[in-house]
Amino acid sequence: MVKVLEKVEEQYNIKITFSVESEPLGTAGPLALARDILGKDDSPFFVLNADVTCAYPFKQLIEFHKSHGNEGTILVTKVAEPSKYGVIVSQPGSTKIDRFVEKPQTFVGNRINAGLYIFTPKILDRIELRPTSIEQEIFPEMAKAGELHTFELDGFWMDVGQPKDYLSGTCLYLTHLTTIKSNLLTYPEGNSYIYGGNVLIDPTAEVDPSALIGPNVVIGPGAKVGKGVRLQRCVLLANARVKDHAWVQSSILGWNSTVGKWSRVENITVLGDDVTIKDELYVNGASVLPHKSISSSIPSPTIVM
């Protein structure tokens with residue numbers, strides 16, 4: 001994370017300050033730990049959970065937050081089955097939050113916390129430097145005081161904390177990029193190896209023209225894709241390599257990993273850093289820890305330690 005953000009600092013000519021917990025402080029305690037940074041003036045600040053993906057409406061969110069003048073705003077998204085989540089109930093005819101209902105068995109609403117917030121520094125007065133849950137301890141207190149609002153998210157949203165959800169979230173993100181005709185994508189026009197669209201290829205990656213890529217594929221920096229390779233609904237992280245005539249579907253290939261010639265990798269297989277799958281193997285739903293070399297097929301989902 002530090003290495004990635006150091007590149008962001010350089011790219012955008014900004015200063016990024018890291019606040020690191022020496023012990024787990026929950027979802028609210030880290031805000032108290034960073035009190036000197038977050039509370040240095042009256043400017044509102046965003047808080048994001050790192051395991052969600054959406055279109056991130058920062059501009060609209062900050063404008064709305066400033067318009068109501070209270071302490072906090074929670075981004076919310078609608079779900080089809082609210083009984084699986086904690087549901088947010090607003091006051092009638094208002095964006096102010098009335099209460100939170102955990103996994104309701106009868107319908108009280110279908111809007112859930114999307115994991116993106118904006119606060120005024122006044123919230124820091126509510127948080128002690130100890131392990132604290134912002135969802136269970138701070139938000140109910142703020143709602144009771146009439147200081148917490150909702151802002152409804154338009155478009156896609158996904159919790160991407162698990163590999164299967166990460167792949168689903170990647171598909172949603174790529175579809176979003178296609179919808180807005182983003183120049184980040186590689187389009188089929190003029191690229192015969194693109195099949196079905198929704199393909200993002202880093203400019204530093206190398207793809208053989210005889211490969212068939214898509215739909216829903218991300219190929220990261222320095223990755224290499226060989227002759228006759230078939231990629232579908234998968235992510236290749238930096239410097240991953242897929243050798244000639246291999247097949248990869250619904251999988252995540254970690255940094256510096258290699259899939260050998262004529263191998264088949266599928267069913268939410270996840271390769272850690274520097275994993276090698278040798279030639280002519282079948283890997284079905286394996287989670288492989290870093291620095292492993294796989295020399296025999298894995299026909300059933302398993303963890304390779």
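The following exchange between a colleague and a modeller goes through one predicted model, from its first helix to its loops.

Colleague: How is this predicted model to be read?

Modeller: Residues are numbered from 1 along each chain as its sequence is written, and side-chain values use heavy atoms, with hydrogens and water left out. In this predicted model local features need pLDDT of at least 70 and side-chain atom pairs count only at pLDDT 80 or more, while totals for chains, interfaces and linings use all residues.

Colleague: Does helix 1 lie largely in the open or is it largely buried, and which residue just after it has a positive phi?

Modeller: Helices (H or I, at least four residues) and strands (E, at least two) are DSSP runs numbered from the N terminus, and buried means under 20% relative accessible area, exposed over 50%, and partly exposed in between, with a 1.4 Å probe and protein chains only. Of the 11 residues of helix 1 (residues 2-12), the number buried is 1, so this helix lies largely in the open. The residue just after helix 1 with a positive phi, of about 55°, is N13.

Colleague: How many aromatic pairs are there, and which residue pairs with F45?

Modeller: Rings of Phe, Tyr and Trp (its six-membered ring) pair if their centres lie within 6.5 Å, and planes under 30 degrees apart count as stacked, over 60 as edge-to-face and the rest as tilted. A search of the whole structure gives 8 aromatic pairs. One of them is edge-to-face, with 6.1 Å centre to centre and 65° between the planes, and there the partner of F45 is F119.

Colleague: Why does the pair of F45 and F119 tie together parts that are apart in sequence, and is F119 buried or exposed?

Modeller: F45 lies in strand 1 (residues 45-48) and F119 in strand 6 (residues 111-119), so the pair ties together parts that are 74 residues apart in sequence. F45 has 8% relative accessibility and counts as buried. With a relative accessible area of 0%, F119 is buried.

Colleague: Which residue forms an aromatic pair with Y117, and which residues form one aromatic cluster?

Modeller: Y117 pairs edge-to-face with F139, at 5.1 Å centre to centre and 85° between the planes. Y117 lies in strand 6 and F139 in helix 5 (residues 134-144), so this pair ties together parts that are 22 residues apart in sequence. Y117 is buried at 2% relative accessible area, and F139 counts as buried at 1%. The residues that form one aromatic cluster are F45, F100, Y117, F119 and F139.

Colleague: Which residues touch the most other members of the largest nonpolar core, and which residues does a second, separate core include?

Modeller: A nonpolar core is a set of buried Ala, Val, Leu, Ile, Met, Phe, Trp, Tyr and Cys residues joined through side-chain atoms within 4.5 Å. In the largest, of 32 residues, those touching the most other members are I213, I219, V225, L231, L236 and V242. Two or more residues come from each of strand 9 (199-201), strand 12 (217-219), strand 15 (234-236) and strand 24 (286-288). The second, separate core has 22 residues, including A28, I74, I134 and F139.

Colleague: How many bridges join strand 3 to strand 7, and which residue in strand 7 is the bridge partner of L75?

Modeller: Strand 7 (residues 148-152) is mostly covered, with 4 of its 5 residues buried. Two strands pair if DSSP finds at least two bridges between them, and strand 3 (residues 72-78) and strand 7, which run parallel, are joined by 5 bridges. The bridge partner of L75 in strand 7 is F151.

Colleague: What is the order of the 5 strands in the open sheet, and which strands stand at the edges?

Modeller: The pairing in this open sheet is parallel, and the order is 11-14-17-20-23. Each edge strand has a single partner strand, so one side of each is left without a neighbour in the sheet; these are strand 11 (212-213) and strand 23 (282-284).

Colleague: Where is P215, and which residue does a cis peptide bond join to P215?

Modeller: P215 is found in the loop between strand 11 and strand 12. The cis peptide bond, with omega of about -5°, joins P215 to G214.

Colleague: Where is H291, and is H291 buried or exposed?

Modeller: H291 has a positive phi near 65° and sits in the loop between strand 24 and strand 25 (293-294). At 54% relative accessibility, H291 counts as exposed.
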